[in-house]
Amino acid sequence: MITKDDIIEVGYVSKTHGLSGNLEVVITEDWLDELGVDFIFIEIDGCYIPFRITEERTKNSGRLLKLDNIDTKEEAEHLIGATVFLSTDDVDEESLAEAETVDYEGYTIYDADGSKVGVIDYVDYDTENVLFCLDATDSAGFQIMIPAVDDFIIEIDDDKQTIIMDIPEGLLDLNGSGVCVDDEDD
């Protein structure tokens, strides 16, 4: 049985293409230009189902895939929005290390309205939810912490070292519970 430790998330199925069951997959990992593997895994109802790739080519911002046993548009439509994974065995060690050690320290966070929220001082991976811990404080003097969740992130620009987030109203006022702890200080 495939477990979460055996795979790495690389993108999602964005839409179908044509009538023969082709899928457009958006790759969300900067280190990955093409899939270039025989199998992908798609999460369906909490299980990681392997699909054999019979054809792969470039399409817009992703990859156009033809999967074995997905032969109609209707079959493909059931996979729209599903998360796509690769086996960790199919990813070279250097790329896997890069994927696991993304460092956003020094990136500037902007709210969706364009206002600067702060610069990431530290990313706290020791909590249940990963937190961006900023160099800024709230009105009570506590360090601002923002959950680093995909639902809040609009855009990450690695060249400019900026992150634009849709921060829910009131979230920045909830920081009074403490400060992030940097592992290096332990």
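**Group meeting: two sheets, two cores and some aromatic pairs**

Okay, let's start with one side chain: tyrosine 48 is buried, with a relative accessible area of 17%. That falls under the 20% cut-off, so we call this residue buried rather than partly exposed. Bear in mind that this is a predicted model.

So what does tyrosine 48 pair with? Its partner is phenylalanine 85, and the two rings sit edge-to-face, 5.2 Å centre to centre with 80° between the planes. Phenylalanine 85 is buried as well, at 1% relative accessibility. Tyrosine 48 belongs to strand S4 and phenylalanine 85 to strand S6, so this pair ties together parts that are 37 residues apart in sequence.

Now, the sheet around them. S4 and S6 are both in a closed barrel of 6 strands, and going round you read S1-S2-S5-S4-S3-S6, with antiparallel pairing. On average, neighbouring strands there are turned by 45° against each other, direction ignored. If you want one strand pair to look at, take S1 and S2: they're antiparallel and share 6 bridges. Threonine 16, for example, has leucine 23 in S2 as its bridge partner.

On to the packing. The largest nonpolar core has 19 residues, and Ile40, Phe51 and Leu86 are among those with the most contacts inside it. Strands S1 through S6 each give two or more residues to this core, and S1 gives the most, with 3. Have a look at phenylalanine 51: beyond its neighbours within four places in sequence, its contacts include Ile40, Ile42, Leu67 and Leu79.

There's also a second, separate core, this one of 16 residues, including Tyr107, Val117, Phe132 and Ile144. Phe132 comes up again in the aromatics, as it forms one cluster with Tyr104 and Tyr107. Within that cluster, tyrosine 104 and phenylalanine 132 are edge-to-face, at 6.0 Å centre to centre and 80° between the planes. Tyrosine 104 is in the loop between helix H2 and strand S7, while phenylalanine 132 is in strand S9, so here the pair ties together parts 28 residues apart in sequence. Both of these residues are buried.

Last stop, the other sheet. This one is open, with 6 strands in the order S10-S9-S8-S7-S12-S11 and mixed pairing. Which strands are at the edges? Those are S10, residues 143–147, and S11, residues 153–157, each pairing on one side only. The twist averages 30° from one strand to the next. S11 runs antiparallel to S12, and 4 bridges join them; you can find aspartate 157 opposite threonine 162 in S12.

Key: Residues are numbered from 1 along each chain as its sequence is written. This is a predicted model: local features need pLDDT of at least 70, side-chain atom pairs count only at pLDDT 80 or more; totals for chains, interfaces and linings use all residues. Side-chain values use heavy atoms; hydrogens and water are left out. Two strands pair if DSSP finds at least two bridges between them. Axes are lines fitted to C-alpha atoms, for helices over the stretch in contact, and angles run from 0 to 180 degrees between N-to-C directions. A nonpolar core is a set of buried Ala, Val, Leu, Ile, Met, Phe, Trp, Tyr and Cys residues joined through side-chain atoms within 4.5 Å. Buried means under 20% relative accessible area, exposed over 50%, partly exposed in between (1.4 Å probe, protein chains only). Contact means heavy atoms within 4.5 Å. Rings of Phe, Tyr and Trp (its six-membered ring) pair if their centres lie within 6.5 Å; planes under 30 degrees apart count as stacked, over 60 as edge-to-face and the rest as tilted.
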